[in-house]
Amino acid sequence: TQFPKREFQALWQVASEATGDPAIALRVSTNVRTDTLGVIGHLVVESESRRKAFDLAKELSPLLWEGFECDYETDGEVAFLRCNIDRDPYASRFIAEYGIGIIITIGRLLGANGSDPLEARFSYPAPAYADEYERILRLPVRFDAGEDGVLFPISMMDTLNLSADAALRQLLQRYAAEQLAKISTSAPF
């Protein structure tokens with residue numbers, strides 16, 4: 001089920017205060033496994049390529065939490081996976097940090113050699129703990145970038161996943177579509 005943004009934000013705020021760690025969302029995101037993401041994670045593993053996995057993540061990102069969607073664009077030798085984060089009073093940098101951290105972590109788990117992410121971008125100014133971003137994410141980070149997301153080499157997009165199971169993927173896609181329909185029909189006016 002979808003995690004409401006107000007509660008999701010409150011969870012990160014409390015976790016940061018309880019641990020005294022302003023970078024808690026970044027740290028937690030680096031420990032995510034594909035099965036942590038439920039049906040989306042399983043579909044990513046069963047996709048025939050990373051491009052197909054990104055297409056599925058784009059379509060199904062509303063299943064994760066409210067106010068967070070993904071899309072991507074390609075330009076020459078790079079692909080930019082953009083996180084569209086609903087910037088209302090209940091959304092914050094914690095959601096951007098966690099979402100981008102997950103994309104980087106899952107990208108590394110599923111990527112082939114030479115497909116490590118190139119850069120993380122955050123739309124907001126560098127926080128006081130900005131040096132933690134590069135250390136935790138292990139890649140260059142740019143703040144005030146105008147958008148939130150991750151830059152990947154284009155080679156990652158079309159790398160074939162030789163262990164993908166088409167029958168299992170179809171079953172998971174039907175289940176995900178049912179879950180997405182439930183969210184759409186239960187949304188408040």
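I searched the whole structure, a predicted model, for aromatic pairs and found nine.

I looked up F8 and W12 among these pairs. Their rings meet edge-to-face, with 6.0 Å from centre to centre and 80° between the planes. I then checked where the two residues sit: both belong to helix α1 (residues 5–19), and because they are four residues apart, about one helical turn separates them. An α-helix has 3.6 residues a turn, so residues three or four places apart point the same way. I noted that F8 and W12 are both buried.

I turned next to F122 and F143. This pair is stacked, at 5.8 Å centre to centre and with 25° between the planes. I traced the two residues along the chain and found that the pair links distant parts of it, 21 residues apart. F122 lies in the loop between β3 (119–121) and α6 (130–137), whereas F143 lies in the loop between β4 (141–142) and β5 (148–153). I recorded both F122 and F143 as buried. I also asked which residues cluster with them: F122 and F143 form one aromatic cluster with Y124, Y129 and Y133.

I examined helix α5 (residues 93–110) for its length. Its 18 residues should span 26 Å at 1.5 Å a residue, and the end C-alpha atoms are 26 Å apart, so the two values agree. I found α5 mostly covered, with 15 of its 18 residues buried.

Finally, I looked up R93 and its contact with a ring. R93 lies over the face of F94, at 4.3 Å from the ring centre.

Note on methods. Residues are numbered from 1 along each chain as its sequence is written. This is a predicted model: local features need pLDDT of at least 70, side-chain atom pairs count only at pLDDT 80 or more; totals for chains, interfaces and linings use all residues. Side-chain values use heavy atoms; hydrogens and water are left out. The expected span of a helix is 1.5 Å times one less than its number of residues. Buried means under 20% relative accessible area, exposed over 50%, partly exposed in between (1.4 Å probe, protein chains only). Rings of Phe, Tyr and Trp (its six-membered ring) pair if their centres lie within 6.5 Å; planes under 30 degrees apart count as stacked, over 60 as edge-to-face and the rest as tilted. A charge sits over a ring if NZ of Lys or CZ of Arg is within 6 Å of the ring centre and within 35 degrees of the ring normal.
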